[in-house]
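User: Hi! I'm new to reading protein structures, and I'd like a close look at a single part of this one. Could you start there and then show me how the rest is put together?

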Amino acid sequence: ASDRPLILVLEDLHWADLETLAILEHFSDHLARAPVLCVGTVRTEEPSPARDVLVRLAGRRTATFVELGRLNDAQVAAMVHSCTGGTDADAVRRVASLAEGVPFLVEEMLVAPGVPASFNDGVRGRLARLSERDRRILRTAAAFGRHFDWRLLGRAADVAEADVAEALAHGVHVQ
């Protein structure tokens, strides 16, 4: 950065090891002295050491936290057209309805049909953190669809309502 300003992009910090995060934290405390813009990405919906570092850096005002929401349908369409050089309206609608505004899924769906393996692997990893009972309740919930009366799950999964409430809370926690 002594010759010209630099941009440093660090992606997927939620997967970074503790040593890397310690270096990043030290680096950010001294970054203001150099013409460097550092952009880091981290999934904040899941607890992680990277999220904890982000909170500390924002609290010390050595970093600015910008939370990005999901893309709307027009933004998904623009992303699809940008990635493909243009595509038909049916394909854009399919991607928009399945990706639900998640840019990662938009890109992955353009590469492979159906549910992308990388997304599938991520969901499997999250489900692995749950008990068998919680997974059974969530599978039953998935069969009901996106919107349903949660109290029906107890009878359908043959468990108490308290167990359903706990399983749903665990499911939300792991996304």
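Analyst: Happy to! Let's start with Ala58, which lies in helix 2, the stretch covering residues 49–59. Keep in mind that this is a predicted model. Is Ala58 buried, exposed or partly exposed? Its relative accessibility is 29%, and buried means under 20% while exposed means over 50%, so Ala58 counts as partly exposed. Which residues does Ala58 touch, once its neighbours within four places in sequence are set aside? The contacts are Ala63 and Phe65. Now look along the chain to Ala74, 16 residues from Ala58: the two C-alpha atoms are separated by 31 Å.

Another residue to set beside it is Leu31, found in the loop between helix 1 and strand 2. Leu31 counts as buried because its relative accessibility is 14%. Leaving out residues up to four places away in sequence, Leu31 touches Val36 and Cys38. Trp15 is 16 residues from Leu31 in sequence, and their C-alpha atoms lie 22 Å apart in space.

Cys38 leads us to the strands. Within strand 2, Cys38 is the bridge partner of Leu8. Strand 1 (residues 6–10) and strand 2 (residues 36–40) run parallel and are joined by five bridges. Together with helix 1 (residues 18–30), these two strands form a right-handed β-α-β unit.

Next, two helices are worth a careful look. Here is a handy idea to carry along: an α-helix has 3.6 residues a turn, so residues three or four places apart point the same way.

Take helix 4 (residues 89–99), whose buried residues are Val92, Val95, Ala96 and Ala99. They sit on the same side of helix 4, because they cover an arc of only 100° around the axis. Which exposed residues does the face turned away from that buried side carry? Asp90 and Arg93 are found there. As for neighbours, the buried residues of helix 4 pack against helix 3 (73–84) and helix 5 (103–111).

Now compare the description of helix 9 (residues 161–173). Its 13 residues, at 1.5 Å a residue, should span 18 Å, and the end C-alpha atoms are indeed 18 Å apart, so the two values agree. Val164, Ala167 and Gly171 are buried in helix 9. Their arc around the axis is only 65°, which means that they lie on the same side of helix 9. Ala162 and Val172 are exposed, on the face turned away from the buried side of helix 9. The buried residues of helix 9 pack against helix 7 (132–144) and helix 8 (152–157). Just past the end of helix 9 comes Gln175, with a positive phi of about 70°.

Finally, let's step back to the whole chain. The protein has nine helices and two strands, and in sequence order the pattern reads β-α-β-α-α-α-α-α-α-α-α. Why is the protein described as more spread out than a compact globule? Its radius of gyration is 20 Å, well over the 16 Å that the globule rule gives for 175 residues, so the protein is more spread out than such a globule. The C-alpha trace spans about 65 × 45 × 25 Å along the principal axes. Of the 175 residues, 24% count as buried. Among contacts between residues at least 6 apart in sequence, 53% join residues at least 24 apart.

Key. Residues numbered from 1 in each chain as written. Predicted model: local features only at pLDDT ≥ 70, side-chain atom pairs only at ≥ 80, totals over all residues. Heavy atoms only, no water. Pairing = 2+ DSSP bridges. Helix = DSSP H or I, 4+ residues; strand = E, 2+ residues; numbered from the N terminus. Right-handed = clockwise from strand over helix to strand, strands pointing away. Buried < 20%, exposed > 50% of the residue type's maximum accessible area, 1.4 Å probe, protein only. Contact = heavy atoms within 4.5 Å. Expected span 1.5 Å × (residues − 1). Arc of directions from axis to C-beta. Rg over C-alpha atoms; globule rule 2.2 N^0.38 Å.
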